[in-house]
Every structure is written in structure tokens, then in C-alpha cells.
Amino acid sequence: MWDGEKMAAAMVQMSCLYRGMLAVRTTGIRPLIPGLVPSQFRAFSVKKEPELEENPYYSKYEEKIRKLRSSKPQEYKTRLEKRSEVKTQPLGQSRQAEFVKYMDKELDKRGKEGSTGYTKDKTLGSILNLDMVKDKSGSEIGELWKQYFANKDTISAIIPGPTFDIIFGRAKSCPTFLYALPQQEGYEFFIGQWSGQELHFTSLINVQTMGDNAPSQVILYHYSDLQKDKGIVLMTAEMDTKFLTVQQAQCLANQVQLFYGSQRYETFRLVETFNHKPADFKHMSVIAELEQSGIGLGVTTK
């Protein structure tokens with residue numbers, strides 16, 4: 001998915017600090033508690049990698065890790081070594097766009113649908129009959145959009161044109177960011193990378209273990225086709241429901257507006273720092289903004 005060396009820089013520094021998870025859900029900040037992974041998930045490993053296995057979300061991706069380790073042991077070893085090689089590189093320089101190119105090639109081989117179920121070249125016209133709505137107002141189209149996705153296992157949104165201009169304008173200069181997803185025992189961290197008007201998310205531990213082959217777990221599609229005439233941008237998503245609930249995907253989407261669309265410059269400055277001054281980036285600031293906003297309250301976990 002991601003360029004091996006530059007991508008790994010986006011997670012190595014963080015893995016050294018908190019290994020993809022931070023237990024901060026109580027009033028006081030608790031340190032990372034090692035050994036949370038059940039012993040049965042350690043048994044398959046002949047040679048253990050404690051830095052990965054101590055990650056509380058290791059069990060969630062254990063099957064993928066096991067397959068990579070057993071089928072391509074040399075590649076697995078190389079990925080672990082690569083993580084050590086880039087520890088001195090700056091944080092926030094990952095390029096998930098490389099993954100998008102990779103998936104395009106794979107989808108060309110398999111047709112329009114890949115094994116992940118994600119759709120190549122997903123257009124607004126493939127979802128909405130544009131001729132049928134050309135005489136409707138933006139609010140009417142928005143209602144149709146909400147009704148269409150109301151009972152589907154995904155998320156959607158109607159974004160005001162000016163708000164999207166702010167978000168997308170900022171995404172061009174700051175295409176990557178670290179997001180925190182509330183879990184029962186803390187926060188699982190995700191990397192989000194813009195590629196055009198698509199925003200791809202994958203978990204930090206996924207990047208740590210899968211490297212270039214780490215799949216997107218959520219893709220947000222933004223359609224600006226109607227922005228000029230109707231003043232709205234339509235959004236929907238494709239997601240891997242084996243690992244994320246609809247509420248969790250919605251939480252990630254809400255954070256995009258929080259961090260990229262905020263009128264409060266101090267909030268967006270976290271995104272700028274992550275991309276342009278990684279040495280000054282403080283992951284606890286992401287947690288603080290998220291908890292202050294209340295976005296993560298009541299999120300249903302897997």
C-alpha cells in the first residue's frame with residue numbers, strides 16, 4: 001500500500017512511544033499496559049516479536065500476520081527490519097497514494113471488484129441518476145442521498161460546498177494525519193491519507209505488520225459533481241466490516257471535519273504539524289481534541 005521507507009516513518013516513531021494503542025480512557029492518563037494480548041495468540045509464534053505482540057490490537061490482525069509470517073517469512077523479516085531502519089526518519093511522511101496505485105493494478109487484473117470488495121473508479125453517476133435530480137435543489141438531493149444510504153451498512157454525508165473547499169484545500173498541503181479511534185481499553189490509531197478526493201484509512205498495526213500490502217479499511221469518497229450548481233458535496237464510504245463497525249467509520253469521518261474543517265486554527269495546526277513539523281507533533285493533542293469534541297462518545301466497538 002505505502003512506500004516502504006517513507007510510509008514506515010509514519011508509524012515507527014509512534015510504535016516506539018505507544019505501539020498503536022494508548023490507554024487513556026480514564027480520568028488520569030494510564031501508561032501502556034504490556035501483556036494484554038491473550039497467551040493463545042502468542043503460541044503460534046516460534047520467534048516472538050514482543051513489540052507487536054504487546055499491542056492490544058495484535059489479536060485483531062493476528063491471522064493476517066500469521067499468514068504473512070508463514071507464507072513469506074523473508075518478506076515478514078524484511079518488514080520488521082525496515083521498521084528499525086527508519087526510526088530516525090520524521091513522522092508524518094507516509095504515502096498511501098502508492099497503495100492506491102497498487103490496488104488499481106490489482107483491480108485491473110481482477111475486473112471491477114477486487115478481493116477487498118472496494119470499487120475502482122467509483123463515480124457519482126454509478127450511485128445517483130444525475131439526470132433525474134438536475135431540477136432538484138441541493139437540500140432535496142441531500143434528502144434523497146440520506147434516504148438511499150439510511151439502511152445500508154456504510155456511512156454517508158452531505159457536505160456544504162464552502163466546508164468541502166476548506167477541507168480539500170487543506171488536504172492538498174497536508175494529505176496525511178493520525179486519527180484516534182476509541183476502543184474499550186483505549187484508542188486504536190489509524191493513518192488517513194488523501195488521494196484525490198478519496199480518503200483512505202488503515203490501522204497503525206496494519207501498517208506495522210503488512211507494510212506495502214496493508215489494505216485500506218475505510219475509503220471515503222467525496223463527489224463534487226454538484227458543488228457548482230447545487231452547493232453540496234456528497235460523501236459515502238466503502239469499509240471492511242470485519243474490523244470496523246459503521247459507528248467507528250462514522251467516528252473517523254467526523255474527525256476529518258474536526259481536524260481539516262475546523263474554524264479553530266489550533267485544531268488544524270495539529271494536521272500541519274504532523275505533515276510539516278513532525279518532530280513537534282504530540283499524539284496526546286489528538287486525544288485531547290477528540291475528547292473535547294465528544295465525537296468518540298458511545299462508539300460501538302468490534
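Start by selecting the hairpin: strand E3 runs into strand E4 through a connection of two residues. You're looking at a predicted model, by the way. Colour residues 176–183 for E3 and residues 186–195 for E4. The two strands run antiparallel, and eight bridges hold the pairing. For a landmark on the ladder, click Leu181 and look across to Glu188 in E4, which stands opposite.

Now keep E3 alone and show its side chains. In a regular strand, side chains alternate between the two faces of the sheet. Here, Thr176, Leu178, Ala180 and Pro182 point one way, while Phe177, Tyr179, Leu181 and Gln183 point the other way. Is either set exposed, or are both buried — which is it? Turn on the surface and check: all of these residues are buried. With eight of its eight residues buried, E3 is largely enclosed by the rest of the structure.

Next stop, Phe177. Select what surrounds this residue, ignoring neighbours within four places in sequence, and you'll pick up Phe190, Ile191, Gly192, Phe259, Tyr260, Leu270, Val271, Phe274, Phe281 and Val286.

Phe177 also takes you into the largest nonpolar core, which has 44 residues. The members touching the most other members are Phe177, Tyr179, Phe201, Val218, Leu220, Val256 and Tyr260. Helix H11, residues 246–260, gives the most to this core, with eight residues. For a side trip, there's a second, separate core of 13 residues, with Ile127, Leu128, Trp145 and Tyr223 among them.

Back to H11, and add helix H12, residues 265–276. Two packed helices are described by the angle between their axes and the distance between the axes. For H11 and H12 the angle is about 100 degrees, and the axes lie 7 Å apart. The two helices are therefore roughly perpendicular to each other. Which residues of H11 and H12 meet? On the H11 side, show Leu258, Phe259 and Tyr260; on the H12 side, show Thr267, Phe268, Leu270 and Val271. Some of these names should ring a bell: Phe259, Tyr260, Leu270 and Val271 are also among the contacts of Phe177.

Finally, zoom out and colour by secondary structure. The chain has 13 helices and seven strands. Buried residues account for 50% of its 302 residues. Among contacts between residues at least 6 apart in sequence, 68% join residues at least 24 apart. Switch to a surface view to finish: the accessible surface comes to about 14200 Å², and carbon and sulfur atoms contribute 50% of that.

How values were computed
Residues are numbered from 1 along each chain as its sequence is written. This is a predicted model: local features need pLDDT of at least 70, side-chain atom pairs count only at pLDDT 80 or more; totals for chains, interfaces and linings use all residues. Side-chain values use heavy atoms; hydrogens and water are left out. Helices (H or I, at least four residues) and strands (E, at least two) are DSSP runs, numbered from the N terminus. Buried means under 20% relative accessible area, exposed over 50%, partly exposed in between (1.4 Å probe, protein chains only). Contact means heavy atoms within 4.5 Å. Accessible areas come from the Shrake-Rupley method with a 1.4 Å probe; for residues, only the protein chains shown count as cover. Two strands pair if DSSP finds at least two bridges between them. A nonpolar core is a set of buried Ala, Val, Leu, Ile, Met, Phe, Trp, Tyr and Cys residues joined through side-chain atoms within 4.5 Å. Axes are lines fitted to C-alpha atoms, for helices over the stretch in contact, and angles run from 0 to 180 degrees between N-to-C directions. Angles under 35 degrees count as roughly parallel, over 145 as roughly antiparallel, 65 to 115 as roughly perpendicular and the rest as oblique.
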